[in-house]
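Visitor: I have a structure open and would like to go through a few details with you. Could we start with the cysteines and then move on?

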Amino acid sequence: MRFRRFGRTGWQVSEIGYGMWGIGGGPGGWTGTDEDAGREALELAVAGGCNFFDTAWIYGRGHSEVLLGRLCRDHPERRLYVATKIPPLDRRWPPRKDARFAEVFPDTHVEEYLHHSRENLGVDRIDLLHYHVWEDAWASDEVWVRQVERMKRQGLVEAVGISVNRWEPWNVLAALDTGLVDVVQVIYNIFDQAPEDELFDACERHDVGVIARVPFDEGTLTGTLTPQSRWPEGDWRNSYFVPENLAASVERAERLRPVVPEGMTMPELALRFILNHPAVHTVIPGMRTPAHVRANLAVSDGTPLAPELLAELRRHRWDRRPTEWSQ
């Protein structure tokens, strides 16, 4: 496993991190969760050098946090970095454009969920706490400024981050200018290349850590979806891959398939594309099985993509705008 300096935190984090939404279970998530396989996958990730784990209270309503806390206690000899997220009070992803910060993250709500997360994780201080949604109009809100300063002063969190709304990488630039944000988590993959336009430069300028999330475009870039793909009732993917999105996503993946080099899988290509950018410090694929862990961690070998292949992948950029199903 290779490691990268995580912005101003100075942490050395594994360039392949662990996205823990899929193993959290619970309503509004991914169905088919096998907890035994998930625990085995987590153990295998630690053994393979992964030291960055991303969760959120909403992932299984705290269950994913509990699993991560157990993993950390089982490995006191390892420095495992823990990142979690405060859910919005109104449970809206993304927030309303006219919502005020104090409506979405009031102090009492943040204090309550900070307590829940610390209890679930079994820690006094959380390494990295994200706001799970964001509107950049909030960057000048004194409630937010005081909240961040208070959590750090009280020693409840070491670093504060923002999980950037889907397909809005520009919607955090003002927050970065305040100097209060240590880390951003943003969708970045072969299709979603827009963070390269402004965000990555801003992060490098402010020495802000960058987490690339959704590396496989919620499954599209695994190359396994078809126009007939369906999921069990209650699975989040049913609400995301509505007919118009599923058809367009499958078409894009099929267009990409001939570009995948011989001997390489589409997921491997997706991860290598992300790691090719120096502004990215860690990428967090969801890994629910040991097979996922083995395949994804193997990508951390320092092998760059050929310039000609990168140039071809640039042609697969897909700029999208948030809509009612994009969440």
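Visitor: Is Cys72 buried, partly exposed or exposed?

Guide: Bear in mind that this is a predicted model; in it, Cys72 is partly exposed, with a relative accessible area of 22%.

Visitor: And what about Cys203, buried or exposed?

Guide: Cys203 is buried, its relative accessible area being 1%.

Visitor: How many disulfides are there, then?

Guide: The count is zero disulfides, taking a pair of cysteine sulfur atoms within 2.5 Å as the criterion.

Visitor: Why does Cys72 have no bond to another cysteine sulfur?

Guide: The closest cysteine sulfur to that of Cys72 belongs to Cys50, and because the two are 11 Å from each other they are too far for a bond.

Visitor: Switching to empty space, what is the volume of the second largest pocket, and what lines it?

Guide: The volume of the second largest pocket is about 290 Å³, and its lining consists of 21 residues, with Trp167, Glu168, Pro169, Trp170 and Ala194 lying nearest the centre. By class, that lining has eleven nonpolar, eight charged and two polar residues.

Visitor: How many cavities of 30 Å³ or more does the structure hold?

Guide: The structure holds one cavity of 30 Å³ or more, and the volume given for the largest cavity is about 30 Å³. Its lining is made up of Thr220, Gly223, Thr224, Leu225, Val250, Ala253, Glu254 and Arg257, which divide into three nonpolar, three polar and two charged residues.

Visitor: Where is Ser326, and what is it in contact with?

Guide: Ser326 lies in the segment after α12, the helix spanning 307-314, and counts as buried at 2% relative accessibility. Leaving aside neighbours within four places in sequence, Ser326 is in contact with Arg166, Trp167 and Tyr240; Trp167 is also one of the residues nearest the centre of the second largest pocket. In addition, a polar atom of the Ser326 side chain lies 2.9 Å from the backbone nitrogen of Thr323.

Visitor: Last one: which helix has Asp107, and which side chain does Asp107 make a polar contact with?

Guide: Asp107 is found in helix α4, residues 107-121, and counts as partly exposed at 28% relative accessibility. The side chain of Asp107 is joined to that of Gln147 by a polar contact of 2.7 Å, and, setting aside neighbours within four places in sequence, Asp107 is in contact with Val143, Gln147 and Arg150.

Visitor: How far is Asp107 from His316?

Guide: Their C-alpha atoms are separated by 42 Å, with Asp107 and His316 lying 209 residues apart along the chain.

Conventions: Residues numbered from 1 in each chain as written. Predicted model: local features only at pLDDT ≥ 70, side-chain atom pairs only at ≥ 80, totals over all residues. Heavy atoms only, no water. 1 Å grid on protein atoms, 1.4 Å probe; cavity = no way out; pocket = protein on both sides within 12 Å on 5 of 7 lines; lining within 4 Å. Points joined across faces, edges and corners; volume = space filled by probe spheres on them. Nonpolar A, V, L, I, M, F, W, Y, C, P; charged D, E, K, R; others polar. Buried < 20%, exposed > 50% of the residue type's maximum accessible area, 1.4 Å probe, protein only. Helix = DSSP H or I, 4+ residues; strand = E, 2+ residues; numbered from the N terminus. Polar contact = N/O pair within 3.5 Å; in protein donor to acceptor, adjacent residues only side chain to side chain. Contact = heavy atoms within 4.5 Å.
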